[in-house]
Structures are given as structure tokens and as C-alpha cells.
Amino acid sequence: MSDHEADPRVGAASDEVGVGPWPGGPDAWPRAEGPGSALDPRYDPELLALGDRRNVVDRYRYWTVEAVVADLDTRRHPFHVAIENWAHDLNIGSVVRTANAFNAAGVHVVGRRRWNRRGAMVTDRYLHVHHHPDADALAAWASTAGTDGGRLPVVGLDNVPGSVPIEGYAVPRACVLLLGQESTGLSEQAQAVCDVVLHITQHGSTRSLNAGAAAAIAMHTWALHHAAPPLAHPTP
């Protein structure tokens, strides 16, 4: 059910997003051990009382941010997403939001520490976001970030000479997907640390895809190969 579909807890305004106060008031709030016991610690009393207008799936309605992150941590996918940030690219927020949708293990901002968060729509709160000053630092982190301290391969995304079509390529289950800037693509330093650079085959006249769109295609390609069916998201 989407945020805009009918829900008995949604307020009267038809354009409201999310759900209204938990029906029945405090006496009906979810309890840890049944009626009269303490509030279930996953739930936020303020959200229960006032409603939850956040952009979250129904499974996490009324949950605290910390509870959502903890639950997501139990089933993170083993791929990371990294993006270069040299010119305050507006697309970084979109990449972060998509990484949240695919429950990536982490997001890595390479270059400038500050990045434009507007497009992330606060989804970065539910992710583990890391910073690396340059591509070499990212590669150094990846060298021991795999299972049992092993290396995570770095898979670049750019349509540069020598790149390989992503279609049909066996993208590793545990890896780092590295994207470049919107205008310039992967820097030479970033290309140098990649195990492989993949490109998305295009069939029209445009030279390149939007960085946010390319990231989404890459993550979906990973999911087609490696992701299990998603958990059901029942309304509490």
C-alpha cells in the first residue's frame, strides 16, 4: 500500500501523506508484553500520538529512526555505493535515496565531505554514510572491508573507452559500485582503482545517462542477480 492509498488512520485531508495518530489512543499503543506493560521500544510516542508522515514503508510506521536502522542492519545487502563529490553534484541525494531503497550496506562520498542532501529526502538517516577524501582512500578501505577482512572489488560505472557492458556481466555479490560526477564521469584516479568499469548500453542519441538514473539501473541489475524477494510490509 502506498502512502497515498486509503488507510483508516490517515487524516481527513486527501492529500496528506502517511498515517494519522494510532487509533484508540495511548491505551491501544503497542506494548512490549501485552496490555499494561511498557511501550514496545521500537515505537516513537510522538509519532503514535501525532501521526507518522515520513516517507517510510508501512512496516516501519511509527518506529523510531534507531529502530528502523537496527532492523535494516539485520538484512543489509552486501554491496556498497560510492560517488565522487568534487562539484557538489545535485545527483548525490538521488543516489543516496536509491541506495536506501535497495538497502545497500553503505554509501561512500568520495571527495568533498559536504554533499547536497536535498534529493536524499532524509533517507540518509537510515543508511550508513561514510566519507573518503579521494579514490585511493576508498580503495584502501575496500581492501579490508569484505567478509573476514577480505577485499571488496570496486566496480566503476561510466561509458569510458574500454568499459564493459553491464548487461550480462556477473556483478559481484559483495562489491562497491563507484559512480562519478554528473558532468565529467569517473575521474582518472577513480578509474585506476576499479577492478572493472561497466557501462549501460544506450540506444538513443544522448551521450550519457543522468548519474542518478545510472546508479538506479546498476543497483537494480545487482538486485536481479543477488537479492531475495523483499519482506512483506504489513501495516501494524
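Q: What makes the contact of Arg-61 with Asp-58 a salt bridge?
A: In this predicted model, the closest N and O atoms of Arg-61 and Asp-58 are 3.7 Å apart. A salt bridge requires a side-chain nitrogen of Lys or Arg within 4 Å of a carboxyl oxygen of Asp or Glu. The value of 3.7 Å meets that limit, so the pair is called a salt bridge. Both Arg-61 and Asp-58 are buried.

Q: Why is Asp-52 called buried?
A: Asp-52 has a relative accessible area of 0%. Buried means under 20%, so Asp-52 is classed as buried. Its salt-bridge partner is Arg-54, with 2.8 Å from N to O. Arg-54, at 18%, is also under 20% and therefore buried.

Q: Why are Arg-76 and Asp-73 placed in the classes buried and partly exposed?
A: Arg-76 has 16% relative accessibility, which is under 20%, so Arg-76 counts as buried. Asp-73 has 35%, which lies between 20% and 50%, so Asp-73 is partly exposed. The side chains of these two residues meet in a salt bridge of 2.9 Å, N to O. Elsewhere, salt bridges with shared partners join Arg-59, Asp-71 and Arg-75 into one network.

Q: What makes strands S3 and S5 edge strands of the sheet?
A: The seven strands form an open, parallel sheet in the order S3-S2-S1-S6-S4-S7-S5. Strand S3 (129-132) and strand S5 (164-165) each have a single partner strand, so one side of each is left without a neighbour in the sheet.

Q: How do you know that S1 and S2 pair?
A: Two strands pair if there are at least two bridges between them, and seven bridges join S1 to S2, so these strands pair. Within this pairing, Ala-82 has His-108 in S2 as its bridge partner.

Technical notes
Residues are numbered from 1 along each chain as its sequence is written. This is a predicted model: local features need pLDDT of at least 70, side-chain atom pairs count only at pLDDT 80 or more; totals for chains, interfaces and linings use all residues. Side-chain values use heavy atoms; hydrogens and water are left out. Helices (H or I, at least four residues) and strands (E, at least two) are DSSP runs, numbered from the N terminus. Buried means under 20% relative accessible area, exposed over 50%, partly exposed in between (1.4 Å probe, protein chains only).
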